[in-house]
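I opened my notebook to get to know a structure I had not met before. Here is what I looked up, step by step.

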Amino acid sequence: MSLYQVAIIVGSLRKDSFNRKLAEAIIKLAPPEFSFKHIEIGDLPLYNQDDDGAQAEQVRRLKTDIADSQAVLFITPEYNRSIPGVLKNAIDHASRPYGQSVWAGKPGAVLGVSVGAIGTALAQQHLRNVLAYLDVPLLAQPEMFIQAKEGLFDEHGAIGAASLGFFQGWMQHYVDWVKKHAIHA
């Protein structure tokens, strides 16, 4: 039985995204008391404060999915040295209207993979700044700036043998972080 539901938010809409592959691979490393729910963000309307009083069904679904989770995990690419617009849009929707944010107190972590040598370091830093304002306690270490190289994933889409120990160690840190900070209803 799962004790911890984690809202997993991938900042890429691309079907064959490296970050979507990473999301699928890393959740396989979690213990059985953790379950992961992929949160849909591609169908959200653009955030407009005028809509706060009558949020779209997709926005209400997003907020409910996050509210029902004990933790969050962001896995995002880096677009133009920052976070993708679709991810920022989802964050804004779930934080509004003012005073009704569903992010506050949800322990979280940030990951990302890119073909670039520094992975998604700048996007992750920008995302950390946004999430700190929204009162999301974030796992600080170990940081994961992952470059998409041959062997990162095996032929079944799991983490490759050369990186498996590193990812297992990260997952253990994340599990401990969530257990320490999660608020159960």
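**Strands, helices and how they meet**

I began with one strand pair: β1 (residues 4-10) and β2 (residues 34-38) run parallel and are joined by five bridges. I should jot down right away that this is a predicted model. Within that pair, I looked up A7 of β1 and found K37 standing opposite in β2.

Next I asked myself what kind of unit β1, helix α1 and β2 make. With α1 spanning residues 18-27, the three elements form a right-handed β-α-β unit.

Then I stepped back to the whole sheet. In what order do its strands lie? I read the order as β2-β1-β3-β4-β5, in an open sheet of five strands with parallel pairing. The edges are β2 and β5 (145-147), each of which pairs on one side only. From one strand to the next, the twist averages 25 degrees.

I also visited the β5 edge. There, β4 (residues 108-114) pairs with β5 in the parallel sense over three bridges. I noted one pair of partners: G112 has F145 in β5 as its bridge partner.

Back to α1, to see which strands it touches. This helix packs on the sheet and touches β1, β2, β3 (71-75), β4 and β5. The direction of α1 makes about 130 degrees with that of β4.

After the sheet, I turned to a helix pair. Helix α3 (residues 85-94) packs with helix α4 (residues 121-133) at an angle of about 5 degrees, and their axes are 12 Å apart. Angles under 35 degrees count as roughly parallel, so α3 is roughly parallel to α4.

Which residues make this contact? From α3 I listed L87, K88 and I91, and from α4 I listed L127, V130 and L131. Sorted by class, the contact of α3 with α4 has five nonpolar residues, one charged residue and no polar ones.

Last, I looked at the chain as a whole. I counted five helices and five strands. Starting from the N terminus, the elements run β-α-β-α-β-α-β-α-β-α. The radius of gyration of the chain is 16 Å, close to the 16 Å that the globule rule gives for 185 residues, so the chain is as compact as a globular protein of that length. For its extent, I wrote down that the C-alpha trace spans about 50 × 40 × 25 Å along its principal axes.

Technical notes
Residues numbered from 1 in each chain as written. Predicted model: local features only at pLDDT ≥ 70, side-chain atom pairs only at ≥ 80, totals over all residues. Heavy atoms only, no water. Axes fitted to C-alpha atoms, helices over the stretch in contact; angles between N-to-C directions. Helix = DSSP H or I, 4+ residues; strand = E, 2+ residues; numbered from the N terminus. Parallel < 35°, antiparallel > 145°, perpendicular 65-115°, else oblique. Contact = heavy atoms within 4.5 Å. Nonpolar A, V, L, I, M, F, W, Y, C, P; charged D, E, K, R; others polar. Pairing = 2+ DSSP bridges. Right-handed = clockwise from strand over helix to strand, strands pointing away. Rg over C-alpha atoms; globule rule 2.2 N^0.38 Å.
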